[in-house]
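Trainee: I should like to take a close look at a single part of this structure and to have it explained step by step. May I put my request with the structure before us?

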Amino acid sequence: MSGSTGGYRQHQGGKSNIFNMLSRKDRSIIVGSCAVVMVTLFLLHSPVIRSPNGLIVQPPVSSPDQLSEDTESHKRSMPLIDKSPLAQLRHLGSVDLPSKGVLEKLNSSTLYKIYHSYLDNINYLCHRRLRMGKVGDGGWEVCDDEDFRPITPCLVYSFGINHDFSFDDDIAKNYRCQVLSFDPSMKVKSHKRSPRVHFYKLGIAGSDKVVMKKGWELRSLSSFKRQFKHTERIIDVLKMDVEGAEWSALPQMVSSGQLSRVRQLFVEFHGAFKARAASVPALKLLEDLHAIGFRKFYVHKNRVCRVKSPDFPVLRTACYEVHYVNINLLE
């Protein structure tokens, strides 16, 4: 028994002397490491700041009254009278369209402000947009939300190509839609571009006609849908970049009821509309689009068509690429 007890005591004593058995260098490393850990823990759990001379000092404690004063100083206070350069624009440039009766009574300056304010702002939130085609001019943003997403078998009408098929090719490839591409100005015959994309040397207008001077054959949307036996089909995306022809084509689409069967509408609206005679009909058409369910989810200002006017305090464009969804086709 005595041998066993002595052995236990000897082992216990040997364990307590392990630190003493280390070299002076090793002991210094251990002590230094422990000191660093303790200082770090102190700093992490103490509200301290460092003064400019490098000393660590306690931060000043704000009284409840001081905290209240600081909060008050950060409150925004709108001026009773807006005297900024944007004051008149905010007052007259409505982002919601007035009624047609009100539009008839407004002067050209106010109509100009309303036109550029309305087209430059959205009134519907699409949570996911996917750009089909080029990042620059030629591409368009498709609303990919489930309520509006093109689903096979989907149908796309694309008016105005100018030799750029990037949008048509992308939407055909990614959504697997049938795409009908139209442009009477291209020196190319009608042809099958790919299994899903067909090009037609025809153009859109408010009625069926031939422009003899240019040799262009133009048709209304109603005629196109009859020609391709799409009378009862919903067009998932209708894109128009037709250099001003939209102003004659869209009224026919509205009056015929064909536009009510379009899920997404992309239009580049051309024109600065400084004259009252042009701006009133344009704004009435925009009012008609709103009335039948079209809401703007994205607007892009084409920088090529920059416009400066004393009636608007910031630079505008004469080419708004407006992207609509038809909320009347919500499922």
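Which residue of β12 does S158 stand opposite? Please start from that pair and describe the surroundings of the strand.

Mentor: The residue that stands opposite S158 is K239, in β12. Please keep in mind throughout that this is a predicted model.

Let us begin with the strand itself. β12 covers residues 235-240, and 6 of its 6 residues are buried, so the strand is described as mostly covered. S158 belongs to the partner strand β5, residues 155-159, which pairs with β12 in the parallel sense over 4 bridges. β12 is also joined to β13 by 5 bridges, and these two strands again run parallel. Within that pairing, M240 of β12 stands opposite V267 of β13. As a general matter, strands of a sheet pair through backbone hydrogen bonds, either parallel or antiparallel.

We may now widen the view to the sheet. It is an open sheet of 8 strands in the order β7-β8-β6-β5-β12-β13-β17-β14, and its pairing is mixed. The edges are taken by β7 (191-192) and β14 (294-301); each has a single partner strand, so one side of each is left without a neighbour in the sheet. At the β14 edge, the pairing with β17 (residues 319-326) is antiparallel and extends over 7 bridges. One pair in it is formed by Y298, which stands opposite H323 in β17. Helix α7 packs on this sheet, where it touches β13, β14 and β17, and its direction makes about 60° with that of β17.

Next, consider a residue that reaches β12 from a helix. F167 is located in helix α8, and it counts as buried because its relative accessibility is 1%, under the limit of 20%. Setting aside neighbours within four places in sequence, F167 is in contact with V237 and K239, and its other contacts include V156, S158 and F266. Here we meet S158 and K239 again, the two residues that stand opposite each other. The contacts of F167 also include M132, G133, G138, W140 and V142. Of these, M132 is 35 residues away from F167 in sequence, yet the C-alpha atoms of the two are 5.0 Å apart. The helix that carries F167, α8, spans residues 166-175, and its buried residues are S166, F167, D168, I171, A172 and Y175. Just after α8, R176 takes a positive phi of about 60°.

A second helix brings us back to β12 from another direction of inquiry. In α10, residues 246-256, the buried residues are E246, W247, A249, L250, Q252, M253 and V254. Among the elements that cover them are β12 and β13, together with α7, β9, α9 and α11. Just after α10, G257 takes a positive phi of about 85°.

The neighbour α11 deserves a separate word. Two packed helices are described by the angle between their axes and the distance between the axes. For α10 and α11, the axes come within 11 Å and cross at roughly 35°, and the crossing is left-handed. On the α10 side, W247, L250, P251 and V254 take part in the contact, and they meet A282, L285, D288 and L289 of α11. Sorted by class, this contact has 7 nonpolar residues, no polar residues and 1 charged residue. An α-helix has 3.6 residues a turn, so residues three or four places apart point the same way. With that in mind, you may look again at W247, L250 and V254 in the contact with α11.

Finally, β9, one of the elements covering α10, leads to another sheet. This open sheet has 3 strands in the order β9-β11-β10, with mixed pairing. β9 (203-204) and β10 (209-211) stand at the edges, each with a single partner strand, so one side of each has no neighbour in the sheet. β9 runs parallel to β11, residues 216-219, and 2 bridges join them. In this pairing, I204 has R219 of β11 as its bridge partner.

To draw the account together: β12 is paired with β5 and joined to β13. Its residues V237 and K239 are in contact with F167, and β12 is among the elements that cover the buried residues of α10.

Methods:
Residues numbered from 1 in each chain as written. Predicted model: local features only at pLDDT ≥ 70, side-chain atom pairs only at ≥ 80, totals over all residues. Heavy atoms only, no water. Pairing = 2+ DSSP bridges. Buried < 20%, exposed > 50% of the residue type's maximum accessible area, 1.4 Å probe, protein only. Contact = heavy atoms within 4.5 Å. Axes fitted to C-alpha atoms, helices over the stretch in contact; angles between N-to-C directions. Left-handed = near helix turned anticlockwise from the far one by under 90°. Nonpolar A, V, L, I, M, F, W, Y, C, P; charged D, E, K, R; others polar.
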